[in-house]
Amino acid sequence: MAEKKKKATSITHARYGCAIGAVNTVNAIRRAIPIANCGPGCADKQFITLSFSNGFQGADYAGGGAVPSSNTGENEIVFGGVKKLETTIRSAFKIMDGDLYVVLTGCAPSLIGDDVEAVVRRFQKEGYPIVHADAAGFRGNNLFGHESVVKAIIEQYVGDVKTEKTKGLVNLWAYVPYFDTNWKGNYSELKRILEGAGFKVNVLFGIESEGVKSWKKIPKAQFNLVVSPWVGVSIAELLQEKYDQPFLHIPVVPIGEKETTAFIRKVVEFAGIDNKKAEKFIKKESEQYYYYYEHISEFISEYWFGLPARFLIAADAQTTLGISKFLADQIGLIPAKVIISDNTPLKYQDAIAEEFRNISDDTSIDVKFIEDGYTIEKEFDEADFGYGKPLFLATSWDQDVARKHNGLFVPIGTPNNFEVVLNRTYIGYRGAITLLEKIYSEVVRG
């Protein structure tokens, strides 16, 4: 059984942000403007955590230090912050040129009971494209905030729509922008794979999206595709109820030939489209994958004595599950310690643990759900490393314990202060080759 989440008095070295970090979700929607209704510095701290200290990802037009904020202070807490919020919103309309404005309400306005909904509703009646979302940090982390923002846009902006469904059009729900260091490249690769299989893909975030226009297209899709262990499932459930759209939930992100080929066939079968284009794409991509894979044999025969046999991993559920399955099932590495650190809701933990128990035909993993960085580092420190050099796949917090055990270290989760990431992926056919390059380069460097 999975180790259930335990109550804790404090958490050190957290591997996520707070709910107001969803300003970065809005920032990832082209021509959408986040308006942070929270205390001074809250949104900026989340930019530092989820972007600057996470691959130095940068920000779009309305992100980073450009996010409008009400900067709720003592005066607003005592007398209410509604008037200041109204002023902030009107100023944002004048200064920030956008197609959609999203008010994210943080802790202080939520605690004092400001009627943000009433404020936003007045602007909606005036014809402004604006919605409001609950992003109070005491309600959850940035993954909660992400889902809250997405649902708010669907409910208040996309609205109640009845339209014909377009065969082969799929809404893609996968990575949380900025929280996943490689989210830009991951969406591009998933889109490339699905288009190669014959689909039209509606991406909601980043350069592959049409921005706010893509959100208006959501009701037209034949189905929703959730590629994640749990984030996005409740969104797909909402869309199923609201637009009568079915959804396909694939909890394991595809990495490597075996998993990516199975992924494509599963989506094609669910959609009921002709598989000829998909099989042609699979053949071409598989040939390229194994062409590059074969060329690593010389390196392995030369450096076999320094290659890792066991790996330790700690990150969010999506990254941990995908990479663990690739390394255990396709590369043959032995899991020494596997930890999920994203505060996965209890109702999803058993299903995720079952995925790990069936990670491959001859390997079963007992995963642990741990948020506290101190406990994670202690788990790593006490793991069975065997006789070889261990491979650590984790966050910047974990480099010291990797160094202590003379291990190889590859950052894969938040925070990541050791790399600049612009457009990279570890998923699919091509991303798996990049991941192998990254891991085995550490062998040479070590």
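The questions and answers below concern a predicted model.

Me: Which residue caps the N-terminal end of helix α7?
Reply: Helix α7 covers residues 142-158. A side-chain oxygen lies 2.9 Å from the backbone nitrogen of Leu-143, within the 3.5 Å allowed for a polar contact. The residue that supplies this oxygen is Asn-141.

Me: How many of the residues of α7 are buried?
Reply: The helix has 17 residues and reaches 22 Å from its first C-alpha to its last, close to the expected 24 Å. Gly-159, with a positive phi near 75°, follows α7. The helix is mostly covered, and the number of buried residues is 13 of 17.

Me: Which strands stand at the edges of the open sheet of three strands?
Reply: The sheet has the order β1-β2-β3, with parallel pairing. An edge strand here has a single partner strand, so one side of it is left without a neighbour in the sheet. Neighbouring strands are turned by 25° against each other on average, direction ignored. The strands at the edges are β1 (32-37) and β3 (130-134).

Me: What is the bridge partner of Leu-104 in β3?
Reply: Strand β2 spans residues 100-105 and runs parallel to β3, with five bridges joining the two. In β3, Leu-104 is matched with Ala-133.

Me: At about what angle to β3 does helix α6 run?
Reply: Helix α6 is made up of residues 116-125. The helix lies across β1, β2 and β3. Its direction relative to β3 is about 165°.

Me: Is Glu-117 buried, exposed or partly exposed?
Reply: Glu-117 is found in helix α6. Its relative accessibility is 41%. Buried means under 20% and exposed means over 50%, so a value in between is called partly exposed. Glu-117 therefore counts as partly exposed.

Me: Why does the span of helix α11 agree with what its residues should give?
Reply: Helix α11 (residues 256-271) has 16 residues, which at 1.5 Å a residue should span 22 Å. Its buried residues include Phe-263, Ile-264, Val-267 and Val-268. After the helix comes Gly-272, whose phi is positive, near 75°. The span agrees because the end C-alpha atoms are apart by 23 Å.

Me: Which strands stand at the edges of the open sheet of five strands?
Reply: The order in this sheet is β10-β9-β8-β11-β12, and the pairing is parallel. Each edge strand has a single partner, so one side of each lacks a neighbour in the sheet. These strands are β10 (368-369) and β12 (408-411).

Me: What is the bridge partner of Leu-312 in β9?
Reply: Strands β8 (residues 310-315) and β9 (residues 334-340) pair in the parallel sense over six bridges. In β9, the residue bridged to Leu-312 is Lys-337.

Me: At about what angle to β8 does α14 run?
Reply: Helix α14 consists of residues 317-331. It lies across β8, β9 and β11 (391-394). Helix α18 (residues 428-445) also packs on the sheet, touching β11 and β12. The angle between α14 and β8 is about 165°.

Me: Which residue has a backbone oxygen 3.1 Å from a polar side-chain atom of Thr-320?
Reply: Thr-320 is in helix α14 and is buried, with a relative accessible area of 0%. Beyond its neighbours within four places in sequence, its contacts include Ile-313, Val-338, Ile-340 and Phe-356. The backbone oxygen at 3.1 Å belongs to Ala-315.

Notes
Residues numbered from 1 in each chain as written. Predicted model: local features only at pLDDT ≥ 70, side-chain atom pairs only at ≥ 80, totals over all residues. Heavy atoms only, no water. Helix = DSSP H or I, 4+ residues; strand = E, 2+ residues; numbered from the N terminus. Expected span 1.5 Å × (residues − 1). Buried < 20%, exposed > 50% of the residue type's maximum accessible area, 1.4 Å probe, protein only. Polar contact = N/O pair within 3.5 Å; in protein donor to acceptor, adjacent residues only side chain to side chain. Pairing = 2+ DSSP bridges. Axes fitted to C-alpha atoms, helices over the stretch in contact; angles between N-to-C directions. Contact = heavy atoms within 4.5 Å.
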